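Please open the structure in your viewer and keep the selection tool at hand. The stops below are meant to be visited in order.

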Amino acid sequence: MALGVKAAPFTFVLHALGIALAVLVLIWNIDFRGGIVWESTNKSLIFNLHPVLMLIGLVIIGGEAIVSYKSLPLKKEVKKLIHLVLHAIALVLGIIGIYAAFKFHNESNIANLYSLHSWLGIGIIVLYGIQWIYGFLVFFFPGGTNGLRRESLPWHVVFGLFVYLLVVANAAIGFLEKLTFLENSGLAKYGTEAILVNFTAVGTILFGAFVVLSVLSQGQAEDEYSYSAI
Ligand code: HEM
């Protein structure tokens, strides 16, 4: 199944893209949208936490967690710990990010869960949580039998990649939805902000593509340290 190429070039591009995307989403929400805060009379500022936490958490840190087996020249046990901790950080930031969207809606008297984006979003966070808990119990603590781990691993990889692709697709839908709201309220369709948001969304999809390419490529040291499920 693996592509006959090394993952390193893909993971380097991925790290650079990740940093660029984090900067872009912060510039958008701080410079263009007025800032990110937890409490304010200007409720839009509370919403701004949502794209920032979802992109930096689920998309970027979640993506880095997935490729950590391919990008780090470390022992398997260390990589496993890094993998599960990065996913835990991604999950917690994702939960806080979704909470921020609900908080904004509730404090602005806007209905909850009316869009495809929000339905997929709830599904994603539940599946991400289930995937993390199952992985923790079977591969880390208390740990399953050798047979269960062997049989679970390909499912863990495929299911994990599937949930991650949903994350990337839903982030793109989120950018589209927010930009459409803004354009319907008068934002210039070809203005700097619209271009910035579309650019960030395209970058998000590219980032997802590099995660998939890294997963399908050969890790740093395909020796006794590495899993090579794909
Ligand atoms: C991939 C990660 C994401 C997930 C899992 C996610 C999940 C959610 C959920 C569950 C809601 C519903 C909140 C409620 O009903 O009160 C929501 C709302 C919203 N999200 Fe996201 N989101 C993600 C990324 C983004 C991004 C990157 C943007 C870009 C701006 C965005 C824009 C929005 C908007 C505009 C709303 C309010 C309208 C609506 O409920 O559809 N989301 N999101």
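The tour goes from the annotated domain to the ligand, the nonpolar core and three loop residues.

Residues are numbered from 1 along each chain as its sequence is written. The model is predicted: local features need pLDDT of at least 70, side-chain atom pairs count only at pLDDT 80 or more, and totals for chains, interfaces and linings use all residues.

**Domain.** Select residues 13-216, which an unreviewed UniProt entry lists as "domain: Cytochrome b561"; such annotations may be inferred rather than shown by experiment. Over this range the chain is 82% helix and 0% strand, and the end C-alpha atoms lie 15 Å apart. Helices (H or I, at least four residues) and strands (E, at least two) are DSSP runs, numbered from the N terminus.

**Ligand shell.** Select the ligand next, together with the 25 residues that surround it; a residue is near the ligand if its C-beta atom, placed from the backbone, lies within 6 Å of it. The closest are M54, S115, S118, G121 and G174. Colour α3 (49-71), α4 (76-107), α5 (116-140) and α6 (146-184), each of which supplies at least two residues of the shell. Which helix gives the most to the shell? It is α6, with seven residues. By type, the shell comprises 14 nonpolar, nine polar and two charged residues. Here Ala, Val, Leu, Ile, Met, Phe, Trp, Tyr, Cys and Pro count as nonpolar, Asp, Glu, Lys and Arg as charged, and the others, Gly among them, as polar.

**Nonpolar core.** Now select L55, I56, V59, V167 and V211, the residues with the most contacts inside the largest nonpolar core, which has 43 residues. The largest share of this core, 13 residues, comes from α3. Such a core is a set of buried Ala, Val, Leu, Ile, Met, Phe, Trp, Tyr and Cys residues joined through C-beta atoms within 7 Å, where buried denotes 20 or more other C-beta atoms within 10 Å. Centre on V211: beyond residues up to four places away in sequence, V211 touches L14, G63, I66, V67 and Y164, contact being C-beta atoms within 7 Å.

**Loops.** Most residues other than glycine have a negative phi, and most peptide bonds are trans. In the loop between α4 and α5, select N109, whose phi is near 55°. N109 is exposed, with 7 other C-beta atoms within 10 Å; exposed denotes 12 or fewer. L113 lies in the loop between α4 and α5, and its phi is near 55°. Finally, select P142 in the loop between α5 and α6; a cis peptide bond, with omega about 0°, joins F141 and P142.

Key: Contact = placed C-beta atoms within 7 Å.
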